[in-house]
Amino acid sequence: QQRYVEKDGKCNVQHGNVRETYRYLTDIFTTLVDLKWRFSLLIFILAYALTWLFFGLIWWVIAYSRGDLEHLGDHSWTPCVNNLNGFVSAFLFSIETETTIGYGHRVITDTCPEGIVLLLLQAILGSMVNAFMVGCMFVKISQPNKRAETLVFSSHAVVSLRDDRLCLMFRVGDLRDSHIVEASIRAKLIQSKQTQEGEFIPLDQTDLSVGFETGDDRLFLVSPLIISHEIDERSPFWDVSRGQLERDDFEIVVILEGMVEAT
């Protein structure tokens, strides 16, 4: 039986027929953060390599157009960049400029105004690339994706009497010593529905009350807790018998939200 949400929390939904793909590029930061690690590292490497190659090519064009490459051994000639004798050295100078390494062997002179403008431009754009790419990597590394592995739910949910009231109950616990701050829990009933007008809704979402009115949905998750949904007149299970409960096709999705104390 296909699930709407898998046991590990991944939504079993695939997006198809997405025509306005440009919307992903308008939010490029989130798009890069959401990519898989292999694609993120590839884009990280390409971002630096392409900017180094681009500016290295411009440095080589400036040296070629000024005639610096034709006066390599002429000590009376003042080039735009000292000791720049080809594209490889221009590429190395581009890396030294953008990463602020500055070995001192290749250095720009004061007789090249276009080189000074390019130096300022590369320094500014290099800082922007550094801030953007390092920011993406930092956000991606700091995501506690595996934190949910130490959150344990009970294998079964039960319907039983509690304080003389029929309740749907399950248990949740945290295995780690570092707490989840501002933890809150909510539950959704995912079930096909047909309205009174005859409209068929394949994946209708209905809230299951787990203590929102009383504040019991805000958890102090130090020890395992039993989460309870009272089956009263407002519950979607009020008119459902035990036999119908076993025959119906539905899914209950429990969402536990909070901030990781360590990060």
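These numbered points describe a predicted model, going from its annotated regions to a helix pair, its cysteines and two acidic residues.

1. The UniProt record, an unreviewed entry, places "domain: Potassium channel inwardly rectifying transmembrane" at residues 5–144. In the model, this span is 60% helix and 0% strand, and the C-alpha atoms at its two ends lie 19 Å apart.

2. The unreviewed UniProt entry also lists residues 39–62 and 116–139 under "transmembrane region". Residues 39–62 are 100% helix and 0% strand in the model, with end C-alpha atoms 34 Å apart. For residues 116–139 the content is likewise 100% helix and 0% strand, and here the end C-alpha atoms are separated by 35 Å.

3. A further feature in the unreviewed UniProt entry, "domain: Inward rectifier potassium channel C-terminal", covers residues 151–263. Strand accounts for 54% of this span and helix for 5%, while the C-alpha atoms at its ends lie 16 Å apart.

4. Two packed helices are described by the angle between their axes and the distance between those axes. For helix H4 (residues 87–98) and helix H5 (residues 113–142), the angle is about 65° and the axes are 9 Å apart. The crossing in which H4 passes H5 is right-handed. On the H4 side the contact is made by Ser94, Thr97 and Glu98, and on the H5 side by Leu119, Gln122, Gly126 and Asn130. Sorted by class, the residues of this contact between H4 and H5 comprise one nonpolar, five polar and one charged.

5. Glu96 also belongs to helix H4. This residue counts as buried because its relative accessibility is 6%, which falls under the 20% cut-off. When its neighbours within four places in sequence are left aside, Glu96 is in contact with Ile101, Gly102, Tyr103 and Arg106.

6. The model contains one disulfide, which joins Cys80 to Cys112 with an S to S distance of 2.1 Å. The link of Cys80 and Cys112 is left-handed, with -75° about the S-S bond. Cys80 lies in the loop between helix H3 (37–66) and H4, whereas Cys112 lies in the loop between H4 and H5, so the pair ties together parts that are 32 residues apart in sequence.

7. Both partners of the disulfide can be placed by their accessibility: Cys80, at 2% relative accessibility, counts as buried, and Cys112, at 0%, counts as buried too. Two further cysteines may be set beside them. Cys167 is buried, with a relative accessibility of 5%, whereas Cys11 reaches 57% and therefore counts as exposed, the cut-off for that class being over 50%.

8. Asp177 sits in the loop between strand E3 (165–174) and strand E4 (180–194). Its relative accessible area is 72%, so Asp177 is classed as exposed. Although Asp177 and Glu261 are 84 residues apart in sequence, their C-alpha atoms are 9.9 Å apart in space. Both residue numbers fall in the span of residues 151–263, which the unreviewed UniProt entry lists as "domain: Inward rectifier potassium channel C-terminal".

9. For a first look at the model, a reader may begin with the packing of H4 and H5 at about 65°, continue to the disulfide between Cys80 and Cys112, and then turn to Asp177 in the loop between E3 and E4.

Notes
Residues numbered from 1 in each chain as written. Predicted model: local features only at pLDDT ≥ 70, side-chain atom pairs only at ≥ 80, totals over all residues. Heavy atoms only, no water. UniProt positions renumbered as here; feature names shortened; annotations may be inferred. Helix = DSSP H or I, 4+ residues; strand = E, 2+ residues; numbered from the N terminus. Axes fitted to C-alpha atoms, helices over the stretch in contact; angles between N-to-C directions. Left-handed = near helix turned anticlockwise from the far one by under 90°. Contact = heavy atoms within 4.5 Å. Nonpolar A, V, L, I, M, F, W, Y, C, P; charged D, E, K, R; others polar. Disulfide = S-S within 2.5 Å. Buried < 20%, exposed > 50% of the residue type's maximum accessible area, 1.4 Å probe, protein only.
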